[in-house]
Amino acid sequence: MTDTTNRSASVFVHPTADVEDGAQVGDGTKVWHLAHVRSSAQVGAGCVIGRNVYVDANVTVGDRVKIQNNVSVYQGVTIEDEVFVGPCAVFTNDFRPRAQNPDWTITPTMVRRGASIGANATLVCGIEVGEYAMIAAGSVVTKDVKPYQLVAGNPARPKGWVDEKGEVVSRDVDNPPHQG
């Protein structure tokens with residue numbers, strides 16, 4: 001990773017984007033129009049941070065992640081390598097949001113390697129999305145998603161299993177196929 005105060009030439013930051021001093025941005029990453037990366041955020045190498053994306057303080061984004069337009073990644077969210085986050089997806093970090101709450105604490109969310117989150121999906125905090133899992137567009141995820149599991153709906157429910165390429169390999173929601 002490259003500290004933005006000494007950013008390598010291979011990091012592209014659009015002139016309208018704001019990458020605060022102290023943010024770490026990996027080689028080959030592109031930060032597009034009106035994006036904002038906070039000072040203690042870490043964004044890995046080879047990422048694409050789309051238009052109007054907000055990466056909050058203390059967020060970690062792995063390598064080769066693609067975050068599409070209009071996504072806010074709030075404190076408490078960790079995104080591992082090679083994750084796809086579709087446009088307008090929403091992450092939350094507070095189970096009981098109030099404008100004024102002196103006892104507020106961040107509830108973490110983990111998105112494991114290779115997972116895909118569809119457009120307009122909402123992820124309620126406190127969950128883990130397993131590696132290579134796939135969340136359908138518009139889903140509201142309130143529970144953990146198993147590795148390679150396909151979920152859809154509101155609330156999101158299991159619909160089958162996918163492989164590392166995202167192809168549906170089974171619609172038997174109770175019996176995942178052998179992986180590997």
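Strands are DSSP runs of at least two residues, numbered from the N terminus. In this predicted model, Thr-92 is placed in the loop between β15 (90-91) and β16 (109-111). Thr-92 has a relative accessible area of 24% and is therefore partly exposed, the class between under 20% for buried and over 50% for exposed. The C-alpha atom of Thr-92 is separated by 13 Å from that of Tyr-54, a residue 38 positions away along the chain.

Ten strands make up an open sheet with mixed pairing, in the order β2-β5-β8-β11-β14-β17-β20-β22-β23-β24. The edges are occupied by β2 (12-13) and β24 (168-170); each has a single partner strand, so one side of each lacks a neighbour in the sheet. At one of these edges, β2 pairs with β5 (residues 30-31) in the parallel sense over two bridges, and Val-13 stands opposite Val-31 of β5.

Antiparallel pairing is found among the strands that end the order. Four bridges join β22 (residues 149-152) to β23 in the antiparallel sense, with Pro-158 of β23 as the bridge partner of Val-151. The hairpin of β22 and β23 has four residues between the strands, and Gly-153 takes a positive phi near 105 degrees there. The strands β23 and β24 also run antiparallel, joined by two bridges; Trp-161 has Ser-170 in β24 as its bridge partner. Five residues lie between β23 and β24 in their hairpin, where Gly-166 in the turn has a positive phi of about 90 degrees.

Strand β23 (residues 157-162) also contains Lys-159. This lysine, Lys-159, belongs to a positive surface patch together with Lys-143, Arg-157 and Arg-171. With a relative accessible area of 39%, Lys-159 is partly exposed; patch residues must have over 30% relative accessible area and no salt bridge, so the value for Lys-159 meets the area criterion.

Seven salt bridges are present in the structure. One of them joins Arg-64 and Glu-82, whose closest N and O atoms are 2.9 Å apart. Arg-64 lies in the loop between β10 (60-61) and β11 (66-67), and Glu-82 in the loop between β13 (77-79) and β14 (84-85), so this pair ties together parts 18 residues apart in sequence. Arg-64 is partly exposed at a relative accessible area of 43%, and Glu-82 is likewise partly exposed at 28%.

A salt bridge is also formed by the side chains of Arg-113 and Asp-81, with an N to O distance of 3.8 Å. This pair links distant parts of the chain, 32 residues apart: Arg-113 is in the loop between β16 and β17 (116-117), and Asp-81 is in the loop between β13 and β14. Relative accessibility is 31% for Arg-113 and 23% for Asp-81, and both count as partly exposed. Arg-64, Asp-81, Glu-82 and Arg-113 are linked in a network of salt bridges.

The side chains of Glu-128 and Arg-112 meet in a further salt bridge at 3.2 Å, N to O. Here Glu-128 in strand β19 (residues 128-129) is linked to Arg-112 in the loop between β16 and β17, the two being 16 residues apart. Glu-128 is partly exposed, with a relative accessible area of 33%, and Arg-112 counts as partly exposed at 25%.

Notes:
Residues numbered from 1 in each chain as written. Predicted model: local features only at pLDDT ≥ 70, side-chain atom pairs only at ≥ 80, totals over all residues. Heavy atoms only, no water. Patch = residues over 30% accessible without salt bridge, like charges linked within 9 Å, V, L, I, M, F, W, Y side chains within 5 Å. Areas by Shrake-Rupley, 256 points an atom, 1.4 Å probe, with all protein chains shown as cover. Salt bridge = Lys/Arg side-chain N within 4 Å of Asp/Glu carboxyl O. Lys, Arg positive; Asp, Glu negative; His and termini not counted. Charge placed at Lys NZ, Arg CZ, Asp CG, Glu CD. Buried < 20%, exposed > 50% of the residue type's maximum accessible area, 1.4 Å probe, protein only. Pairing = 2+ DSSP bridges.
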